[in-house]
Amino acid sequence: MELRQETALKPALSQKMLQGLSVLQMGTQELKEYLDAEVLENPVIEMEETDGDRERRDKEALLHWLEAEDSQNRVYYQEEREENRELPSAEEISLADYLLEQLLYMRIEKGDVRILRYMIQNLDERGYYTEAYEETARILGADLEDVERAAKILKAMEPAGVGAADLRECLLIQLDAKGEKGLARTIADRYLEAFGKNQLGLIAKKEREDLEEVKKACELIKNLNPRPSNSFSVRRFKEYLIPDILIVKLKDYFEVLVNDAYCPRLRISRYYVDLLNETENQEAVRYIKDKLDSARKIQACVDQRRDTLQELGALILKRQIDFFKNGREFLKPLTQKEAAQEMEVSPSTVSRAVKDKYLQCPWGTYPLSFFFSVGGSETEGAKETPESIKACIQKFIQEENKKKPYSDRILTEKLRETGISISRRTVAKYREALGIGDALSRKVF
């Protein structure tokens, strides 16, 4: 075996480049946390704006401007303003708070209170209690009978259906609270799967009931609340999406804005710059120079991130202008590689710029990845994206005769008539991704 040593020139990323790529990859919230940490770590960095109210005022001013400029923005940004106005106060009550408050006015044994507190704090996001009672008894060191008694108390509390183990029990609890003992209770108890598939004829046949009576019973079930937590605040557990890029419609054109209102604006401390020129302590000089160099690198990285997102937003606007004018069905194929070539950067740069970031426009807020696709229909050279195909499927279903809804086979044929050639299996996959049931579940009797 012959061993040979060869030398090769390999491009190496500098520390500055690595830092720039890391900052570029950050979403708005992550960037804010990063900059906040740097301000605490580096004494030469100062924040130009630390007042949270100023951020809110800036956004309100932006929304006011957008609303005044174009009616297409008006509806969407009015909703945005109302959502901001509805942000919960610290006192807004959650389902757990509501249930714990009820405990204060109930005459129950102290041991039951301990179990109930545990169960209330361990409800899932729907308001269901899914832990096995045996496991609860083991964890709390309680008797199974005590846990079962506490569970019965929980299920008798408001809102009706809370503490249920599953959807079936949740619906039965609500029907019992209404005093319903008839067909609706039977359907909720025995025929939930058929009910979910809209197989009303099957239920009528098995129960030997008139179809109209089955329809009435199903309407009663539809008016129940499948998620007892629905009426209560869950915002404290929810992360709000902060758009990184805004595309707004003005009177005659669209404008691209990079949303940096949520990130602190950094500046170099004048005090340390002056101190560097005045001090003769070499150790202090080295320390200040090091911190100044670090601060300037961070500023450069943030500026570079902003410029890259601005350029990427402009490219998306240019290539997807029909989408911004007319809606989802007009989205065109665009790969990250094509974007990189047009921006004259590497595909990895575009990938980092797209990662975990969002774009807000009059149609809604979308992840940047929404605007990039790796394929569309199965036809060679096709000009459709998955989103445009989904929009076509949705349109066909909206226009169908609900007494004779289109099967996936018919939807496939209708798509082929418009020049989109995909398999029936793909149609089913896209339909399910839209949250639309099959033909049988859509049928109206």
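1. How many bridges join β5 to β6, and do these strands run parallel or antiparallel? In this predicted model, β5 and β6 are joined by 4 bridges and run antiparallel. The two strands form a hairpin, with 2 residues between them. One pairing within it sets leucine 359 opposite tyrosine 366 of β6 as its bridge partner.

2. Strand β6, which spans residues 364-367, shows an alternation of its side chains. Gly364 and Tyr366 point to one face and are buried, while Thr365 and Pro367 point to the other and are not. In a regular strand the side chains alternate between the two faces of the sheet. Tyr366, on the buried face, is the residue already named as the bridge partner of leucine 359.

3. Leucine 359 also leads to the interior of the model. The largest nonpolar core has 28 residues, and Leu359 is listed with Ile247, Phe324 and Phe371 as having the most contacts inside it. At least two residues of this core come from each of the strands β2 (245-249), β3 (254-258) and β5 (358-361). The same holds for each of the helices α15 (282-319), α16 (321-326), α17 (336-343) and α18 (347-354). The greatest contribution is that of α15, with 5 residues.

4. A further core, of 24 residues, lies apart from the one just described. Among its members are Leu116, Leu123, Met157 and Phe232.

5. Helix α17 merits separate comment. Its residues Ala339, Ala340 and Met343 are buried. Viewed down the helix axis, the buried residues of α17 fall within an arc of 100 degrees, so they line one face of the helix. The face turned away from this buried side carries Lys337 and Gln341, which are exposed. Among the elements that cover the buried residues of α17 are α15 and α18. Just after the helix, glutamate 344 takes a positive phi of about 60 degrees.

6. What can be said of the cysteines? The structure holds 0 disulfides. A disulfide is a covalent bond between the sulfur atoms of two cysteines. Cysteine 218 has a relative accessible area of 2% and is therefore buried, the cut-off being under 20%. Cysteine 361 likewise counts as buried, because its relative accessibility is 0%.

Conventions:
Residues numbered from 1 in each chain as written. Predicted model: local features only at pLDDT ≥ 70, side-chain atom pairs only at ≥ 80, totals over all residues. Heavy atoms only, no water. Core = buried A, V, L, I, M, F, W, Y, C linked by side-chain atoms within 4.5 Å. Buried < 20%, exposed > 50% of the residue type's maximum accessible area, 1.4 Å probe, protein only. Disulfide = S-S within 2.5 Å. Pairing = 2+ DSSP bridges. Arc of directions from axis to C-beta. Contact = heavy atoms within 4.5 Å.
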